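Subject: Structure handover

Hello,

Here is the structure I promised you. Please open it next to this email and follow along.

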Amino acid sequence: MAEQGKIEALYNKLNAEAEAGGYHLNPDKDFTKELVNGLLVNEERYGYPACPCRLASGNKEADLDIICPCDYRDPDLTDYGACYCALYVSGEVLAGKKKLASIPERRPAAGLPKKPAFPVWRCSVCGYLCARENPPEVCPICKAKKERFERFL
Ligand code: SF4
């Protein structure tokens, strides 16, 4: 268990970054702080904040796709209203208009050759990167429209 002060500090940082970027942390603070604790434990254990709901390998190269926020966050928010751990939730879930259900794992099974699970898009205005089937309608950082995104990977 990480120190309470570190959990609070990271929680506040992630919350501020999420809101500034058009994302939302799960409003259940106790649940969310458990996940934040998991991120701190993984940071200490591996040297990077691997997803607290997945088994990391300890090899950073192999785990790049599950360093929080993982490559799967945006498509899971779009399809299910939350990321795999439910650390991040959509505006609809936050407003109580959509209920959370279990989220299937998108990450390719361990041992399969590594390749990006989704196309990676880059905002040509601010450089924001996201991994998802299609670019977002609006850049969560600079609010540029979808047309300003280009395929990066
Ligand atoms: S599933 Fe959520 S908590 Fe886990 S790495 Fe992805 S964004 Fe972070």
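Contact here means heavy atoms within 4.5 Å. Keep that cut-off in mind for the contact lists below. One caution before the findings: this is a predicted model.

**The whole chain**

The chain holds five helices and five strands. Read from the N terminus, the order is α-β-α-α-α-β-α-β-β-β. The C-alpha trace spans about 45 × 40 × 30 Å along its principal axes. The radius of gyration is 15 Å. A compact globule of 153 residues would come out near 15 Å, so the chain agrees with that expectation. Of the 153 residues, 41% are buried. Now take the contacts between residues at least 6 apart in sequence: 45% of these join residues at least 24 apart.

**The ligand**

Which residues surround the ligand? Start with the cysteines: Cys51, Cys68, Cys70, Cys83 and Cys85 are among them. Pro52 and Pro69 belong to the list too, along with Arg54 and Arg73. Tyr84, Leu87 and Tyr88 complete the surroundings. By type, the shell divides into ten nonpolar residues, two charged and no polar. The space that the ligand takes is the largest cavity.

Pro69 deserves a second look. This proline sits in the loop between α3 (60–63) and α4. The peptide bond from Cys68 to Pro69 is cis, with omega near 0°. Both Cys68 and Pro69 are in the set around the ligand.

**Helix α4 and Arg73**

Helix α4 covers residues 73–80. Its buried residues are Arg73, Asp74, Pro75, Asp76 and Leu77.

Is Arg73 buried or exposed? Arg73 has 11% relative accessibility. Buried means under 20%, so Arg73 counts as buried. Arg73 lies in helix α4 and is also one of the residues around the ligand. Leave aside the neighbours within four places in sequence, and Arg73 is in contact with Tyr23, Cys83 and Tyr88. Cys83 and Tyr88 are in the ligand's surroundings as well.

**After the helix: Gly81 and Ala86**

Gly81 comes just after α4 and takes a positive phi of about 80°. This glycine is in the loop between α4 and β2. Its relative accessibility is 1%, so Gly81 counts as buried.

What does Gly81 touch, beyond its neighbours within four places in sequence? The list is Asp76, Tyr88, Val89, Ser90, Val93, Lys98 and Leu100. Tyr88 also appears around the ligand, and Asp76 is one of the buried residues of α4. Gly81 and Lys99 are 18 residues apart in sequence. In space they are 8.1 Å apart, C-alpha to C-alpha.

Ala86 is in the loop between α4 and β2 (88–89). Its phi is positive, about 70°, although Ala86 is not a glycine. Ala86 has a relative accessible area of 11%, so this alanine is buried.

**Between α5 and β3**

Look next at the loop between α5 (91–94) and β3 (120–123). Three of its residues are worth finding.

- Lys97 is in this loop. At 69% relative accessibility, Lys97 counts as exposed. Cys142 is 45 residues away along the chain, and the two C-alpha atoms are separated by 26 Å.
- Ile103 is in this loop too. Its relative accessible area is 13%, so Ile103 is buried. Not counting residues up to four places away in sequence, Ile103 touches Asp76, Tyr80, Ala82, Cys83 and Tyr84. The C-alpha atoms of Ile103 and Ala82 are separated by 8.0 Å, with their places 21 residues apart along the chain.
- Pro119 also belongs to this loop. At 14% relative accessibility, Pro119 counts as buried. Pro119 and Cys130 are eleven residues apart along the chain, and their C-alpha atoms are separated by 8.4 Å.

**Where to start**

Begin with the ligand and find Cys83 and Tyr84 beside it. From there go to Ile103, which touches both. Then return to Cys83 and step across to Arg73, its contact in helix α4. Finish at Tyr88, a contact of Arg73 and of Gly81.

Best wishes

Notes. Residues are numbered from 1 along each chain as its sequence is written. This is a predicted model: local features need pLDDT of at least 70, side-chain atom pairs count only at pLDDT 80 or more; totals for chains, interfaces and linings use all residues. Side-chain values use heavy atoms; hydrogens and water are left out. A residue is near a molecule or strand if one of its heavy atoms lies within 4 Å of it. On a 1 Å grid over the protein atoms alone, a cavity is a set of points where a 1.4 Å probe fits but cannot get out, and a pocket is an open set with protein on both sides within 12 Å along at least five of seven lines; lining residues have an atom within 4 Å of a point. A molecule sits in a cavity or pocket if more than half of its atoms lie within 2 Å of its grid points. Ala, Val, Leu, Ile, Met, Phe, Trp, Tyr, Cys and Pro count as nonpolar, Asp, Glu, Lys and Arg as charged, and the others, Gly among them, as polar. Helices (H or I, at least four residues) and strands (E, at least two) are DSSP runs, numbered from the N terminus. The radius of gyration is taken over C-alpha atoms; the globule rule is 2.2 Å times the number of residues to the power 0.38. Buried means under 20% relative accessible area, exposed over 50%, partly exposed in between (1.4 Å probe, protein chains only).
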